[in-house]
Amino acid sequence: MRLNMENKVYIFGHKNPDTDSICASLVSERLDRKNGWDCTEAKRLGRINKETQYILDYLKLEAPDLIEKVEEGQEVCLVDHNEFNQSVEGIEKAKILSVVDHHRISNFETSEPLYYTAKPYGCTCTILFEEYKRLGHEIDREEAILMASAIISDTLLLKSPTTTDHDKKALEELEKIAGVDINEYGLEILKAGTDLADFSAEELINLDAKSLDKNGTKFVIAQVNTVSIEDVLKRQKDLEDAIYKEIEKKDLGLFVLAITDILNSNSEIIALGNRVDAVEKAFDVVLNDNRAFLEGVVSRKKQLLPNVDKAI
């Protein structure tokens, strides 16, 4: 990649950043340093969640600086996303130099050629791990923990259907470099992400939310992880009130909140909007009190989003 070494190039993941978005940004910056590029700088597009904060505290690292918009012509590198509606304000007029992602490609267009790496892996950091190996760069302990943490988070400790053999192999090698017990450490970071007590209902439904548009229907699929679905459902009325406000504010046809049990690999969904029929069709369920239990459903990318998208 050719970079203008005089200007800062921002690296960032999607809005409402999860662990992969933050870790991939930090790892990409470190990889660039090893490639001899000192002009890139990791950023974030939203609040750090508790899972990611646990990892940063564990490594005694500061979170990347927050940015809310970019100016026209700003050089950027995207990780863990490509869709403009999930990116920073002003992305349409930014100069996108590269993308490293593991999601579908949608709503994406550039005026100039770029480096684009997309692989159907469970985690962006698995792609970056392979890039370290390809380039012959040594992975230090901090980098190993950042990448391992992202893989643990995105694959729910390799239990998610998004998990690939590439993710398993990467995590096995990273465990040796990191010098931690991956199962023990992994459960700790996943549990850290399930502490939802301090979040308002509005914050909770936006912690990890993806906005989409299909055939003129705008919809959101949000997800929170927990070790007790029942505890989250005690706040159902407040959650529904917050969801209705989002529907009105953004003119949504559907809002789905998936409450995912990371220990038992199931989800309970709350679905509201005038297109809840798409949810019932997608999963062959009947909503009762705006809810449905989805056995074995834990992945938004491979289970929730494609089914709802197809039904709409």
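Lysine 250 counts as partly exposed in this predicted model, with a relative accessibility of 32%. Its side chain meets that of glutamate 246 in a salt bridge, the distance from N to O being 2.9 Å. Both residues belong to helix α9 (residues 236-250), where they stand 4 residues apart and are therefore separated by about one helical turn. Glutamate 246, for its part, has a relative accessible area of 5% and is buried, because the cut-off for a buried residue is a relative accessible area under 20%. The pair thus joins a partly exposed lysine to a buried glutamate.

An arrangement of this kind is also found in helix α1 (residues 19-34), in which arginine 33 and glutamate 29 are 4 residues apart, and so separated by about one helical turn. The side chains of arginine 33 and glutamate 29 form a salt bridge with an N to O distance of 4.0 Å. With a relative accessibility of 32%, arginine 33 is classed as partly exposed, whereas glutamate 29, at 17% relative accessibility, is classed as buried, since that value is under 20%.

A further salt bridge brings together the side chains of aspartate 198 and lysine 50, with 3.1 Å from N to O. This pair links distant parts of the chain, for the two residues are 148 residues apart: aspartate 198 is located in the loop between α6 (182-192) and α7 (201-205), while lysine 50 is part of helix α2 (residues 50-59). Aspartate 198 has a relative accessible area of 60% and is exposed, because a value over 50% places a residue in that class.

These pairs can be set against the structure as a whole, in which a search finds 23 salt bridges. Side chains of opposite charge can pair when their charged atoms come close. Salt bridges also connect residues into a network, whose linked members are Lys8, Glu41, Lys43 and Asp65.

Apart from the charged pairs, the surface carries a nonpolar patch of about 220 Å², to which Leu187, Val227 and Leu263 contribute. Within this patch, valine 227 is situated in the loop that runs between β8 (217-226) and α8 (229-233). The relative accessible area of valine 227 is 38%, and the residue is therefore partly exposed, because partly exposed residues fall between the cut-offs of 20% and 50%.

Definitions and conventions. Residues numbered from 1 in each chain as written. Predicted model: local features only at pLDDT ≥ 70, side-chain atom pairs only at ≥ 80, totals over all residues. Heavy atoms only, no water. Buried < 20%, exposed > 50% of the residue type's maximum accessible area, 1.4 Å probe, protein only. Patch = residues over 30% accessible without salt bridge, like charges linked within 9 Å, V, L, I, M, F, W, Y side chains within 5 Å. Areas by Shrake-Rupley, 256 points an atom, 1.4 Å probe, with all protein chains shown as cover.
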